[in-house]
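Q: Please take a close look at one helix and how it packs against its neighbours. Keep it brisk.

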Amino acid sequence: MRRILAVAFVLTVIASPVLAQAFSVDLGKDNALATRSIELLALITVLSIVPGLAVMVTCFPFIVTVLSILRQAIGLQQSPPNMVIVSLALFLTWFVMDPIFTEAWQNGAQPFSEGKIDVQQAIPLVLSPFRTFMAGRTDPETFAALQTLRPASVAAAVDAPLSLLVPSFMLSEISRAFEIGFLIYLPFLIIDLVTAAILMSMGMMMVPPAVVSLPFKLAFFVVADGWSLISGALVRSYF
């Protein structure tokens, strides 16, 4: 957890050039209080985007999208609650990204925290594992499509600027999540269709098929140990 917090702190430095400057407050000057207030405001603002950074450069968008589609496929609107879905996605993200966090910590964040290197040297070292991870998961077609909108003199995604690499990575992850969501939906859709056909043949047209099929979908999901299968498949896709 200490490594993750340290890496997140260094990532926040990237988002604000203000933090690249050394904080200095001279209480003997008239503008010292105003300067410190501005610095604290800038620090709070940058720290507020840490969750956004975690979403942008990790596998969280992919995992949380698949889990949300799974809940919709079963037919449950609020169970599991959003907090449970997000928490599960966060811990699965931590499990998948732990080697990358460790590498970023050892290469850049730890030397920076020990004063061995400065911010300018630490930023590329911390970003390097995330660049490799995102480039490996970026769809070449998506990357090429965005690259045509704003041409960049790079041949590979790993060398692309973050303004190009990050949206390419996120779009690729979301597209891949929807493809998996389609496959997840199919067995539950079959159960809905079979239930609707049976109700129609019995003349029970006023009974909502979704209400009748829900217990069967839950039973199917429990018997198949669905949560373990889905979670295991999501994690294995990154190794």
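A: Here is helix α4 and two of its packing partners. The model is predicted: local features need pLDDT of at least 70, side-chain atom pairs count only at pLDDT 80 or more, and totals for chains, interfaces and linings use all residues. Numbering starts from 1 along each chain as its sequence is written, and side-chain values use heavy atoms, with hydrogens and water left out.

Two packed helices are described by the angle between their axes and the distance between the axes. Axes are lines fitted to C-alpha atoms, for helices over the stretch in contact, with angles from 0 to 180 degrees between N-to-C directions. Helices are DSSP runs (H or I, at least four residues), numbered from the N terminus.

Take α8 (residues 162-201) to begin with. Its axis and that of α4 come within 9 Å and cross at roughly 25 degrees. That makes α4 roughly parallel to α8 (angles under 35 degrees). The crossing is right-handed (near helix turned clockwise from the far one by less than a right angle). On α4, the contact (heavy atoms within 4.5 Å) includes F62, T65, V66 and L70. On α8, R176, F178 and Y185 are among the contact residues. By class, this contact has 12 nonpolar (Ala, Val, Leu, Ile, Met, Phe, Trp, Tyr, Cys and Pro), 3 polar (the others, Gly among them) and 2 charged residues (Asp, Glu, Lys and Arg).

Now α10 (residues 226-236). The axes of α4 (residues 60-74) and α10 come within 11 Å and cross at roughly 155 degrees. The two are therefore roughly antiparallel (over 145 degrees). This crossing is right-handed. F62, I63, V66, L67 and L70 of α4 meet W227, I230 and L234 of α10. That contact divides into 8 nonpolar, no polar and no charged residues.

How values were computed
Parallel < 35°, antiparallel > 145°, perpendicular 65-115°, else oblique.
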